[in-house]
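Subject: A structure for you

Hi,

Here is the model I promised to pass on. Have a look at it first, and my notes follow underneath.

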Amino acid sequence: MHLIGTLIIGLIVGALAKFLMPGKDPSGFIITILLGIAGAFVGTYLGQFLHLYQPGQSAGWIMSIIGAMILLGIYRLIVARKA
């Protein structure tokens, strides 16, 4: 059940990360939402690694946004180098 919760949070967080991340965004809205979903997973595992969350507990809003912003920043660096 926590997997579904992580996916739903990730969809919303992807949209929030796009608005909170400064700079020009080379990706479309769909890519940003997918990065938000992945960011929710990153936030979950990062929070568990830092002992902020128990095993099986999904990330909260702030950790999901942080994870999405980290992935969005990495994505921007990769796309900028290719262009």
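About 5200 Å² of the chain is exposed, and carbon and sulfur atoms supply 77% of that area. The areas come from the Shrake-Rupley method with a 1.4 Å probe, and for residues only the protein chains shown count as cover.

Before you go further, please note that this is a predicted model, in which local features need pLDDT of at least 70 and side-chain atom pairs count only at pLDDT 80 or more, while totals for chains, interfaces and linings use all residues. Numbering runs from 1 along each chain as its sequence is written, and side-chain values use heavy atoms, with hydrogens and water left out.

On the overall fold, the chain has three helices and zero strands, in the order α-α-α along the sequence. The radius of gyration, taken over C-alpha atoms, is 13 Å. The globule rule (2.2 Å times the number of residues to the power 0.38) gives 12 Å for 83 residues, so the chain is as compact as a globular protein of that length. Its C-alpha atoms fill a box of roughly 40 × 20 × 20 Å along the principal axes. Helices here are DSSP runs of H or I with at least four residues, and strands are E runs of at least two, numbered from the N terminus.

Of the contacts with a separation of 6 or more (contact means heavy atoms within 4.5 Å), 64% join residues 24 or more positions apart.

Buried residues (under 20% relative accessible area; exposed is over 50%, partly exposed in between, 1.4 Å probe, protein chains only) make up 36% of the 83 in the chain. The largest nonpolar core consists of I9, V13, A17, I65 and A68. Such a core is a set of buried Ala, Val, Leu, Ile, Met, Phe, Trp, Tyr and Cys residues joined through side-chain atoms within 4.5 Å. Two elements, α1 (2-20) and α3 (61-82), give two or more residues to this core, with α1 giving the most, at three. Leaving aside residues up to four places away in sequence, I9 touches A59, W61 and S64.

The buried residues of α3 include I65 and A68, along with L72 and R76. This helix has 22 residues and reaches 32 Å from first C-alpha to last, close to the 32 Å expected at 1.5 Å a residue (1.5 Å times one less than the number of residues).

One last spot to look at is H51, in the loop between α2 (29-49) and α3. Its phi is near 60°, a positive value in a residue other than glycine. H51 counts as exposed because its relative accessibility is 70%.

Best wishes
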